[in-house]
Amino acid sequence: SGGSGGSWKPLAVFAVENLVLLSTIGSTFGHRLVGLRLQGLGGARPTVVQVLVRTVLLCLAVPAIIWDRDGRGLHDKAAGTVLVRTS
């Protein structure tokens, strides 16, 4: 049936893609395309909990548009993650 139920589908796909790809290979398709990788602050692979926190905050949108002077978004600060350039 109609309604706005379908409007959540793209967000759900985005969330699942982020959870699966960042937890397993450390980057989404877009990250890989531009040479970025997600890691924990200590340089380690991000944990599933870190990726979950980051993804939920990204889905809320507001944390992604607020960043610090280093360019880290609020979602990355809260999750304890950072996007780094790959070599």
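Reader: What area does the protein chain expose, and how much of it do carbon and sulfur atoms supply?

Author: In this predicted model, the protein chain exposes about 5700 Å². Carbon and sulfur atoms supply 67% of that area. Of the 87 residues, 33% count as buried, and the C-alpha trace spans about 50 × 25 × 25 Å along its principal axes.

Reader: How many helices and strands are there, and in which pattern do they follow one another?

Author: The chain has four helices and two strands. Read along the sequence, their pattern is α-α-β-α-α-β. Among contacts between residues at least 6 apart in sequence, 55% join residues at least 24 apart.

Reader: How do you know that the length of α1 agrees with what a helix of 16 residues should span?

Author: The expected span is 1.5 Å times one less than the number of residues. For the 16 residues of α1 this gives 22 Å, and the end C-alpha atoms are 22 Å apart, so the two values agree. After α1 comes Gly26, which has a positive phi near 80°.

Reader: Which residues of α1 are buried, and what covers them?

Author: The buried residues are Ala15, Asn18, Leu21, Leu22 and Ser23. Their cover includes α2, β1 (36-40) and α3. An α-helix has 3.6 residues a turn, so residues three or four places apart point the same way.

Reader: Why is Asn18 called buried?

Author: The class requires a relative accessible area under 20%. Asn18 has 3%, and therefore counts as buried. Asn18 belongs to helix α1. Beyond four places in sequence, Asn18 touches Ser23, Thr28, Val51, Arg54, Thr55 and Leu58.

Reader: Thr28 lies in a loop. What makes Thr28 count as buried?

Author: The relative accessibility of Thr28 is 9%; set against the limit of 20%, this value places Thr28 among the buried residues. The loop in question runs between α1 (9-24) and α2 (29-33). Setting aside residues up to four places away in sequence, Thr28 touches Glu17, Asn18, Leu21 and Leu22.

Reader: How do you know that the side chain of Thr28 makes a polar contact with His31?

Author: The side chain of Thr28 reaches the backbone nitrogen of His31 at 3.2 Å. The limit for a polar contact is 3.5 Å, and the pair therefore qualifies.

Reader: Why is Arg72 called buried, and where does Arg72 lie?

Author: Arg72 has a relative accessible area of 16%, which is under 20%, so the residue is classed as buried. Arg72 lies in the loop between α3 (48-60) and α4 (74-79). Apart from neighbours within four places in sequence, Arg72 is in contact with Leu41, Ile66, Trp67, Lys77, Gly80, Thr81 and Val82.

Reader: Which backbone atoms does the side chain of Arg72 reach?

Author: The side chain of Arg72 reaches the backbone oxygen of Asp76 at 3.1 Å. It also reaches the backbone oxygen of Thr81, at 3.2 Å. Both pairs are within 3.5 Å and therefore count as polar contacts.

Reader: What makes Arg54 and Asp76 a salt bridge?

Author: The closest N and O atoms of Arg54 and Asp76 are 2.5 Å apart. The cut-off is 4 Å, so the pair meets the definition. The bridge links distant parts of the chain, with Arg54 in helix α3 and Asp76 in helix α4, 22 residues apart. Both residues are buried.

Reader: How many salt bridges does a search of the whole structure find?

Author: The search finds two. Besides Arg54 and Asp76, the side chains of Asp68 and Lys77 meet at 3.1 Å, N to O. Side chains of opposite charge can pair when their charged atoms come close.

Reader: How is Lys77 classed by its relative accessible area, and why?

Author: The value for Lys77 is 42%, which falls between 20% and 50%, so Lys77 is called partly exposed.

Reader: Which residues make the nonpolar surface patch, and what makes Val62 eligible for it?

Author: The patch, of about 520 Å², is made by Val62, Ile65, Ile66, Trp67 and Leu74. A patch residue needs over 30% relative accessible area. Val62 has 48%, so it passes that limit and is classed as partly exposed. Val62 lies in the loop between α3 and α4.

Key
Residues are numbered from 1 along each chain as its sequence is written. This is a predicted model: local features need pLDDT of at least 70, side-chain atom pairs count only at pLDDT 80 or more; totals for chains, interfaces and linings use all residues. Side-chain values use heavy atoms; hydrogens and water are left out. Buried means under 20% relative accessible area, exposed over 50%, partly exposed in between (1.4 Å probe, protein chains only). A polar contact is a pair of N or O atoms within 3.5 Å; within protein, one must be able to donate a hydrogen and the other to accept it, and residues adjacent in sequence count only if both atoms are side-chain atoms. Contact means heavy atoms within 4.5 Å. Patches are made of residues with over 30% relative accessible area and no salt bridge: like charges are joined within 9 Å, nonpolar side chains (Val, Leu, Ile, Met, Phe, Trp, Tyr) within 5 Å. Accessible areas come from the Shrake-Rupley method with a 1.4 Å probe; for residues, only the protein chains shown count as cover.
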